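Work through the exercises below with the sequence and the 3D view open. Each task is followed by a solution in steps.

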Amino acid sequence: MTALTHLNEEETLFRDTVRRFAREEIGPLVRAMDEAAVFDKKLLHQLFELGLMGIEIPEQYGGQGGNFFQCVLAIEEISAVDPSAGVVVDVQNTIVNNAIIRWGSDAQKARYLPRLAATTVGSYALSEAGSGSDAFALSTTAKQNGDRYLLNGRKLWISNAAEAGFFVLFANADPAAGYRGITAFLVERDFAGFRVGKKEDKLGVRASSTCELILDNCEVPVENILGERGKGYKIAIETLNEGRIAIGAQMTGLAQGALGHAVKYARERKQFGKPIAEFQGVRFDLARMATELEAARLLVYNAARLRDAGLPFVQEAAMAKYYAADMAEKVASKAVEIHGGVGITKDYPVEKLYRDAKIGRIYEGTGNIQLLTIAKKLLG
Ligand SMILES: Cc1cc2nc3c(=O)[nH]c(=O)nc-3n(C[C@H](O)[C@H](O)[C@H](O)COP(=O)(O)OP(=O)(O)OC[C@H]3O[C@@H](n4cnc5c(N)ncnc54)[C@H](O)[C@@H]3O)c2cc1C
């Protein structure tokens with residue numbers, strides 16, 4: 001079977017389990033988590049218990065021994081109910097765990113993977129106030145001092161940092177060498193000189209914390225360099241290339257959620273004596289939403305399956321993220337319109353999905369940055 005959306009038995013079982021969990025366990029918490037802008041602790045615990053925070057971590061380290069495509073399925077299903085919970089599962093699996101599995105030494109894997117699979121939230125800290133799209137202009141420094149590095153600087157916009165116990169953090173160990181000084185460090189929350197700072201009050205994905213990190217002579221042992229000194233830029237690029245596929249999955253899930261609510265409402269709501277689903281204008285809107293959603297899903301699944309097959313996927317990942325984020329914003333917006341006035345209220349879930357959609361075009365490379373990647377592949 002070669003159809004991209006055809007799931008084998010194992011994938012179907014996995015997707016259905018996550019779907020049921022998302023609807024039954026996450027669903028009832030969504031509104032309160034969004035309003036309080038706090039991630040439910042019990043839910044976090046359940047995500048670990050179900051193995052959803054260590055999908056690709058090998059079984060020898062307590063993970064599920066799954067693949068990237070399963071991460072995509074999980075993120076999609078969870079985001080259909082709550083894109084904030086999608087961020088938590090996304091960053092943990094497709095960026096943090098992924099980086100350790102790929103570049104970690106045996107000792108680093110043995111030390112950190114069992115924790116990441118079972119109890120510890122991981123964050124990925126690249127961005128700073130002065131370096132977003134231009135990520136390698138980062139100004140956090142790392143100076144060697146005997147058997148440790150002293151890190152100084154501030155990170156901004158770090159997802160899930162309020163809950164995290166572990167950080168893959170980028171600093172420049174040789175600023176004179178420019179981006180070739182950028183080095184990835186594994187930082188534990190209780191390392192001396194490390195502090196989580198202000199939490200942002202956001203438009204969307206509010207239950208996923210987004211915080212500043214403060215490094216004030218933060219002491220990191222030399223053995224906590226991930227990969228090689230000066231090769232952090234490569235780790236950052238390559239993990240983000242993969243992470244982008246997962247943001248595509250988050251946006252696809254979000255749009256699926258919004259479409260589902262719109263279909264249900266269109267069948268129930270009556271105007272002019274009949275359900276609004278019987279008006280051609282509404283039917284065409286729903287049909288267009290479903291078509292664009294399917295196109296995004298195909299891009300996302302294709303990029304994920306290419307990645308799992310060890311084939312080139314960078315352009316496909318950028319296209320998937322770019323298109324899915326654009327599509328999610330449009331589909332969520334239409335879903336609000338199909339609800340009419342109640343779509344704007346917090347009594348219906350589409351208002352939140354509409355707010356949550358906006359971030360898709362910003363993090364892990366803005367829409368323009370994806371277009372730059374695609375154009376570079378096209379034009380050299
Ligand atoms: C909720 C949230 C969670 C985040 N989580 C994380 C995280 O966990 N870890 C992390 O490291 N970072 C994280 N980020 C940071 C995120 O990746 C950056 O915000 C993003 O890369 C954009 O950077 P910026 O905000 O500095 O915008 P800028 O780079 O200043 O961009 C501003 C505008 O200029 C455009 N632009 C910039 N350069 C170009 C160019 N060359 N060509 C055309 N247009 C251009 C952009 O497309 C954008 O529209 C998060 C951000 C948010 C908001």
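**Exercise 1. Cysteines**

Find how many disulfides a search of the whole structure gives, and examine Cys218.

Solution. The model is predicted, and a search of the whole of it finds zero disulfides. A disulfide is a covalent bond between the sulfur atoms of two cysteines. The cut-off for the two sulfur atoms is 2.5 Å. For Cys218, the nearest cysteine sulfur is that of Cys211, 16 Å away, and Cys218 is in no disulfide. Next, look at the surroundings: Cys218 is buried, with a relative accessible area of 0%. Cys71 is buried too, with a relative accessible area of 0%.

**Exercise 2. A pair of rings between loops**

Classify the pair formed by Phe136 and Tyr179, and state which parts of the chain the pair ties together.

Solution. Begin with the total: the structure holds ten aromatic pairs. For Phe136 and Tyr179, the ring centres are 6.5 Å apart and the planes are at 20°. Planes under 30 degrees apart count as stacked, so this pair is stacked.

Then place the two residues. Phe136 lies in the loop between β1 (122-125) and β2 (141-145), while Tyr179 lies in the loop between β4 (166-172) and β5 (182-188). The pair therefore ties together parts that are 43 residues apart in sequence.

Now check accessibility. Phe136 has a relative accessible area of 27% and is partly exposed. Tyr179, at 36%, also counts as partly exposed. As a last step, look for a cluster: Phe136, Tyr179 and Tyr233 form one.

**Exercise 3. A pair of rings at a helix**

Is the pair of Tyr265 and Tyr348 stacked or edge-to-face?

Solution. The distance from centre to centre is 5.8 Å, and the angle between the planes is 85°. Angles over 60 degrees count as edge-to-face, so the pair of Tyr265 and Tyr348 is edge-to-face. Tyr265 belongs to helix α7 (residues 232-268), and Tyr348 to the loop between α9 (314-338) and α10 (350-357). These parts are 83 residues apart in sequence, and the pair ties them together. Tyr265 is buried at 11% relative accessible area, whereas Tyr348 is partly exposed at 31%.

**Exercise 4. A charge over a ring**

Which residue has its charged end over the ring of Phe69?

Solution. The residue is Arg305. Its charged end sits 3.8 Å from the centre of the Phe69 ring.

**Exercise 5. Helix crossings**

Describe how α5 crosses α7, and how α4 crosses α5.

Solution. Take α5 (residues 83-103) and α7: their axes come within 9 Å and cross at roughly 155°. Angles over 145 degrees count as roughly antiparallel, so α5 and α7 are roughly antiparallel to each other. Their crossing is right-handed.

Repeat the steps for α4 (residues 68-81) and α5. Here the axes come within 7 Å and cross at roughly 165°. By the cut-off of 145 degrees, α4 and α5 are therefore roughly antiparallel to each other. The crossing of α4 and α5 is left-handed.

**Exercise 6. A glycine in a loop**

Where is Gly365, and is Gly365 buried or exposed?

Solution. Gly365 is placed in the loop between α10 and α11 (367-379). Its relative accessible area is 19%. Under 20% counts as buried, so Gly365 is buried. To finish, turn to Lys321, which is 44 residues from Gly365 along the chain. The C-alpha atoms of Gly365 and Lys321 are separated by 9.0 Å.

Notes. Residues numbered from 1 in each chain as written. Predicted model: local features only at pLDDT ≥ 70, side-chain atom pairs only at ≥ 80, totals over all residues. Heavy atoms only, no water. Phe/Tyr/Trp six-rings, centres within 6.5 Å; stacked < 30°, edge-to-face > 60°. Helix = DSSP H or I, 4+ residues; strand = E, 2+ residues; numbered from the N terminus. Buried < 20%, exposed > 50% of the residue type's maximum accessible area, 1.4 Å probe, protein only. Lys NZ or Arg CZ within 6 Å of the ring centre and 35° of its normal. Axes fitted to C-alpha atoms, helices over the stretch in contact; angles between N-to-C directions. Parallel < 35°, antiparallel > 145°, perpendicular 65-115°, else oblique. Left-handed = near helix turned anticlockwise from the far one by under 90°.
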